Amino acid sequence: ASRDLYLCGKAMEIAAHVLDAFCPLGSRQASTLSISDVEKIHRVRDILDEQIQAPPTSLELALAIGMNERKLRAGFKMVFNETMNVYLQRTRLDAAYHMLAEMQMNVASVAYKVGYNPAHLSVAFRKKFGASPKSIRGKTY
């Protein structure tokens, strides 16, 4: 009897793996968000883009859109496939690159405009782009 129970359990495990293969993770998770929740999460992204220099905290964002902070964090990751912090850092560094390359701004001005101090911008910029911010001035994407 225990052997049959064990084999039945293994068969159910295999069936679960097959179902997982045919139902991608993103589609299962996204279905837990309502259309209204997805719209709110898109609004959070817009707020982060608008307030890049001094973005609100996740708690402030959650209160602003009327959503639980935990649900906001999880939903943002589901919708955009990255955390709010990763999104914000990527957006800041891309904006810094654009400003340096096309607007001929100095590194300190760019750093403050995107919410970094110059030293931190240089470290993060070099890590992402493999070059110093100063060396990018005048180059295009």
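**Reading the cores, a bare helix and the salt bridges**

Author: Welcome! In this predicted model, the largest nonpolar core holds 17 residues, and Val110, Tyr116, Leu121, Phe125 and Ile136 have the most contacts inside it.

Reader: Which helices supply at least two residues each of this core?

Author: Helix 6 (84-102), helix 7 (107-113) and helix 8 (118-129) do. Helix 6 gives the largest share, 6 residues.

Reader: What does valine 110 touch, apart from residues up to four places away in sequence?

Author: Valine 110 touches Ala96, Met99, Leu100, Met105 and Leu121. There is also a second, separate core of 14 residues, with Ile65, Leu72, Met84 and Tyr87 among them.

Reader: Let's turn to helix 1. Why does its span agree with the 1.5 Å expected for a residue?

Author: Helix 1 covers residues 2-22, which is 21 residues, so the span should be 30 Å. The C-alpha atoms at its ends are 31 Å apart, and that agrees.

Reader: What makes helix 1 "hardly covered"?

Author: The count of buried residues: among the 21 residues of helix 1, that count is 0. Phenylalanine 22 lies in this helix. Its relative accessibility is 70%, and exposed means over 50%, so phenylalanine 22 counts as exposed.

Reader: And why is valine 18 called partly exposed?

Author: Valine 18 is in helix 1 too. Its relative accessibility is 43%; partly exposed runs between 20% and 50%, so the label fits. Ile14, Val18 and Phe22 together form a nonpolar patch on the surface, with about 350 Å² of accessible area.

Reader: How far is valine 18 from phenylalanine 129 in sequence and in space?

Author: They are 111 residues apart in sequence and 40 Å apart in space, C-alpha to C-alpha.

Reader: Why does threonine 91 count as buried?

Author: Threonine 91 belongs to helix 6. Buried means under 20% relative accessible area, and threonine 91 has 17%, so it is buried. Leaving aside neighbours within four places in sequence, threonine 91 is in contact with Asp49 and Ile52.

Reader: What is notable about the phi of asparagine 81?

Author: Asparagine 81 has a positive phi of about 60°, although it is not a glycine. Most residues other than glycine have a negative phi. Asparagine 81 sits in the loop between helix 5 (69-80) and helix 6. At 65% relative accessibility, asparagine 81 is over the 50% cut-off, so it counts as exposed.

Reader: On to charges. How do you know that arginine 90 and glutamate 82 form a salt bridge?

Author: The cut-off is 4 Å between the side-chain nitrogen and the carboxyl oxygen, and their closest N and O atoms are 2.6 Å apart, so the pair qualifies. Glutamate 82 is buried at 14% relative accessibility, whereas arginine 90 is partly exposed at 33%.

Reader: What makes arginine 90 and aspartate 94 a salt bridge too?

Author: Their N to O distance is 3.9 Å, and the limit is 4 Å, so this pair qualifies as well. Being 4 residues apart in helix 6, arginine 90 and aspartate 94 are separated by about one helical turn. Glu82, Arg90, Asp94 and Lys128 are linked in a network of salt bridges.

Reader: How many salt bridges does a search of the whole structure find?

Author: The search finds 8. One of them joins glutamate 50 and arginine 43, with the closest N and O atoms 3.5 Å apart. Glutamate 50 is exposed at 55%, while arginine 43 is partly exposed at 38%.

Terms used:
Residues are numbered from 1 along each chain as its sequence is written. This is a predicted model: local features need pLDDT of at least 70, side-chain atom pairs count only at pLDDT 80 or more; totals for chains, interfaces and linings use all residues. Side-chain values use heavy atoms; hydrogens and water are left out. A nonpolar core is a set of buried Ala, Val, Leu, Ile, Met, Phe, Trp, Tyr and Cys residues joined through side-chain atoms within 4.5 Å. Buried means under 20% relative accessible area, exposed over 50%, partly exposed in between (1.4 Å probe, protein chains only). Contact means heavy atoms within 4.5 Å. The expected span of a helix is 1.5 Å times one less than its number of residues. Patches are made of residues with over 30% relative accessible area and no salt bridge: like charges are joined within 9 Å, nonpolar side chains (Val, Leu, Ile, Met, Phe, Trp, Tyr) within 5 Å. Accessible areas come from the Shrake-Rupley method with a 1.4 Å probe; for residues, only the protein chains shown count as cover.
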